[in-house]
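Trainee: Could you take me closely through one part of this structure, with its surroundings, in a single connected account?

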Amino acid sequence: MRFAEFTCDDSKGMRVFRMVQVVKLVEATVRGLFGRYSHSIEFGSEDEFLILYGPNGVGKTKFLEIIFSSASLNYFALEPLPFSFAKLVYSDGTILTVSRNRVEKKTGLSRWSGTKIKFEISIEGGDVKKWHPIPEKFYETLSRRSGLVQTSDGEWEDVRRGEKYSVSELYRKYVARQNYGREDQTELGEFDELPEVFAEFRARTSCYLIDSQRLLAEQYLAARDRRGYGYDRDRRAVLQARISEYSERVKEKLNRAQAEHSRLSQQKDRSFPSRVLKEVEGKVSHDPSIIRERYKEQSEFRERLAKVVSVDLSERLELPEGGLENWALALLHLYVNDTEEKFAPFANLLERIELLQKIVNKRLLNKQLEVTASDGLLVRRDDGERIALDALSTGEQHEIILMFDLLLNVESGATVLIDEPEISLHIAWQLSFIPDVRRIAGLVGFRFLVATHSPHIINDEWDRALDLGSDGGLSNA
């Protein structure tokens, strides 16, 4: 069971913090996809994953995108997606629905069309809460602005500058900046703030999308999303290998863990003498076999960790054979407890890094992936020669990035949506994909949904596979 921190205002306007239980997605339905399809999936109580397959054009990728954007309450991502209704059901009975309708209006001499999206949350035993993110006033005011012309649904052009904008760009250009006090920006109205029940929903749920463009740098994808339709006016948003970003990210994770380890070590070491005296005076008996086993495990953990971060191994001391006196047992009991707390920041992180290396190194030919606090991700040939990350093949980069995402970016309790994992992957890698992701899911604690064209990805998991679209328009409805 995982908990997340939720921040809100109390009745007096004071910020308060609450811990909320993270819940799992158990059912997802999308209707009106491309105006034709209705798709639905349901995780059984024992299901850790499902696989979607079907011919091109039935909306496998869009289905994943709608689930992700709905769970994220992302209005701007949902706006251009071709659907009319989505419903997500969670393990605690919470139901989120999203309805999307096209609106056409004429106000005076101006005419505009837009997308109206409504979110509704139904919590078991509670009332239905509704949220309309963007008021119609926003579109009406846009249609009256001099030089701004709507060229299509969701797309506008400033004819004076010859620049095109999506609705999300116009919102950020005008409304999002209104806090800076510019009078000409406030006329567009305010984007409705996220109501508390929706903010709490977002804290209690976690959804992660791994799409087919996973090699692109996140800074590029973010810039592209800001443009809404891919206009690349900002030349600083260059295509950069995401693998390089992830190399820096793992260094940051390890450096943060080291800093926390140092803080805990200083804190524990300062009070160690006084705590030893209290422990000895307490005359509490300790099981020597348990202490020896814990001491051995911690020594082995240090040696594993030393391959990733700089760890002083000179402290290791072999415990003497035979019996230990009570004072020694008391001291060692306190020592192993302190050591466990000191190295806690590394415990889960090291396990994930080791599994990343194990899975990736099964696939790399005559190469080895190393992960260190000093270099991040590092690949060497068998002769020890270092290889630049962006010099790896596309398939190798895809594999490292995908496995890194699953192991080091996904939170426990999340629903992971994976689109076309077969891209640039050798058939042998495709055959081992589901078994490897199941191992990762078991360690991290997530369930996953895969959309694929490849029978090699499905392999012998046909009992978990759902066919979308073979019935001519309605699948699993």
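What follows is a close look at one strand, the sheet it belongs to and the helices around it.

Mentor: Please keep in mind throughout that this is a predicted model. The part I would choose is strand 5, residues 49–53, which is mostly covered, with four of its five residues buried. On one side, strand 5 is joined by four bridges to strand 18, residues 447–451, and the two run parallel. Within that pairing, Leu 50 stands opposite Leu 449, and Ile 51 is placed opposite Val 450. Strand 5 also pairs with strand 19, residues 465–467, through three bridges, again in a parallel arrangement, and there Tyr 53 faces Asp 467 as its opposite residue.

These two pairings belong to a wider arrangement, an open sheet of five strands in the order 13-17-18-5-19, in which the pairing is parallel. Strand 13, residues 207–210, and strand 19 stand at its edges, and because each has a single partner strand, one side of each is left without a neighbour in the sheet. Between neighbouring strands of this sheet the turn averages 20 degrees when direction is ignored.

Two helices can be placed against this framework. Helix 14, residues 433–444, packs on the sheet and touches strand 5 as well as strand 17 and strand 18, while its direction makes about 155 degrees with that of strand 18. Helix 12, residues 394–409, lies across strand 13 and strand 17, the latter covering residues 415–419, and runs at about 165 degrees to strand 13.

Further along the chain from strand 5 comes helix 1, residues 60–71, whose 12 residues should span 16 Å at 1.5 Å a residue; the C-alpha atoms at its ends are 17 Å apart, which agrees with that expectation. Its buried residues include Phe 63, Leu 64, Ile 66 and Ile 67, and also Ser 69, Ser 70 and Ala 71 towards the end of the helix. After helix 1 comes Leu 73, which has a positive phi, near 55 degrees.

To set this part against the whole, the protein has 15 helices and 19 strands, and 47% of its 477 residues count as buried. Among contacts with a separation of 6 or more, 65% are accounted for by residues 24 or more positions apart. The protein exposes about 24,000 Å², of which carbon and sulfur atoms supply 48%.

Definitions and conventions:
Residues numbered from 1 in each chain as written. Predicted model: local features only at pLDDT ≥ 70, side-chain atom pairs only at ≥ 80, totals over all residues. Heavy atoms only, no water. Buried < 20%, exposed > 50% of the residue type's maximum accessible area, 1.4 Å probe, protein only. Pairing = 2+ DSSP bridges. Expected span 1.5 Å × (residues − 1). Axes fitted to C-alpha atoms, helices over the stretch in contact; angles between N-to-C directions. Contact = heavy atoms within 4.5 Å. Areas by Shrake-Rupley, 256 points an atom, 1.4 Å probe, with all protein chains shown as cover.
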